[in-house]
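Trainee: I should like a close look at a single part of this model, namely its aromatic side chains and their surroundings. Please take me through it in one connected account.

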Amino acid sequence: MSRPFPSAISVVAVALAAALLAPPRLTAQSSSAAKPTPPPKASAVAKAAPAAKTYTVPRTPDGQPDLQGVWDYRTITPLERPKDLGNKAFFTEAEAAQYEKQENQRQNRDLIDPEQGGLQYPPGGVVPYNEFWYDRGNKIVGTKRTSLIVDPPNGRLPAWTPEGQKQADLRAAEERNTQLGHPRADSWEDRPLQERCLVGLNEGPPMTPGAYNNNVQLVQTPGYVAIVNEMVHDVRVVPLDGRPHGTLRQWKGDSRGHWEGDTLVIDTMNFRRETSLDGSSANTHLIERFTRVDANTLLYQFTVDDPAMWTRPWTAIVPMTKTDEPIYEYACHEANYAMTGILAGARAAEKAAAETQQKPSK
């Protein structure tokens, strides 16, 4: 989407003020909340790269590594390595240039023929946005990696568990029905969280590059860090004072942070339902690591442990680049006027189908 309205820093200030005035522990409880579990073990490949020896990380007034600022994480490097690349972890310079050329052409919405379809759009459908509205970037990550996933080493998501496969099959069936013109619309709860403006496509947690609004702002105060995502203009306030996890399930989970040297580590669990990751569940346990490796680069690494869906934890690394551009408000709201039309259309289709079935055959 376009970035229409500058967002006031007061949003962050209010969020931080609320956190600073809050009691040191969450007291609200949910009977269905999962018990805290220890974080997943990080493999050697999953550990964040150390800061360059020639770079001294700046410090905040209270002595912590200064990660503040607006960071841009747009890239066309895919989360998973394309299957045809096999075990190839890195592109050469020439291969990277060729991949970028082909991928930018493939994703260009202006080149999609509605009659033929393309990407996620079925033949004969409508391509809702033209290329003007997209801001995905046009380059792969500087390391020339073929995927953001670094563990497993094949750059792909682990195998599904039986339950994960079941849910994947259900999603595939719903997608086929949608392409046939029969989207599931039994109630507002059947619509995706992104469509309902509850969580964004790329805001996370974890944050993953998407079609637009690939910007995040970090704001630090003694004992807290605020993560301000441009997508859906959400603010996640993370305490750093060592308090244990609460038991209240939340859309973006319950986050707790601490420092490991110059790396900010955030542990998040107790999600209300699936995260912004396709195929995840409310049982997701997420470990995020933020390491400033030079003046303009923040290395963002996350490890996902969801034993209900995947057979093992997996890790991805997303380099972020400092930008002087401001964070803008993403004007999305759950009271979407289209919701009435979606549900009314589904009821009308059901009524027409029922009337057709009731007509006597000739």
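Mentor: Trp133 has a relative accessible area of 31% and is therefore partly exposed. This is a predicted model, and the values that follow are computed from it. The ring of Trp133 pairs with that of Phe132: their centres are 5.1 Å apart and their planes meet at 85°, so the arrangement is edge-to-face, given that planes over 60 degrees apart count as such. Phe132 itself is exposed, because its relative accessibility is 66%.

A second edge-to-face pair is formed by Trp310 and Trp314, with 5.6 Å from centre to centre and 80° between the planes. Both Trp310 and Trp314 are buried. These two residues also belong to a cluster, linked by ring pairs, that includes Trp160, Phe290, Tyr300 and Phe302. The count of aromatic pairs in the model is ten.

Trp314 leads on to the nonpolar interior. In general, nonpolar side chains of soluble globular proteins tend to be buried together. Here the largest nonpolar core comprises 28 residues, and Phe290, Phe302, Trp314 and Met320 have the most contacts inside it. At least two residues of this core come from each of strands E4 (215-221), E5 (224-229), E8, E9 (285-294), E10 (297-305) and E11 (314-323). Beyond its neighbours within four places in sequence, Trp314 is in contact with Leu79, Ile149, Asp151, Pro152, Leu157, Pro158, Leu277, Phe302, Thr303 and Val304. Another core, of eight residues, lies apart from the largest one; among its members are Ile112, Tyr121, Tyr212 and Tyr330.

Two aromatic rings have an arginine over the face. Arg109 lies over Tyr134, at 4.2 Å from the ring centre, while Arg272 lies over Trp251, at 5.2 Å from the ring centre.

Strand E8 deserves a polar counterpart to this account. Thr268 is located in that strand, which spans residues 263-269, and it counts as buried because its relative accessibility is 0%. The side chain of Thr268 makes a polar contact of 2.7 Å with the side chain of Ser255, and a further one of 3.5 Å with the side chain of Arg236. With neighbours within four places in sequence set aside, the residues in contact with Thr268 include His245, Lys252, Gly253 and Asp254, as well as Thr284, His285, Leu286 and Glu288.

Technical notes. Residues numbered from 1 in each chain as written. Predicted model: local features only at pLDDT ≥ 70, side-chain atom pairs only at ≥ 80, totals over all residues. Heavy atoms only, no water. Helix = DSSP H or I, 4+ residues; strand = E, 2+ residues; numbered from the N terminus. Buried < 20%, exposed > 50% of the residue type's maximum accessible area, 1.4 Å probe, protein only. Polar contact = N/O pair within 3.5 Å; in protein donor to acceptor, adjacent residues only side chain to side chain. Contact = heavy atoms within 4.5 Å. Phe/Tyr/Trp six-rings, centres within 6.5 Å; stacked < 30°, edge-to-face > 60°. Lys NZ or Arg CZ within 6 Å of the ring centre and 35° of its normal. Core = buried A, V, L, I, M, F, W, Y, C linked by side-chain atoms within 4.5 Å.
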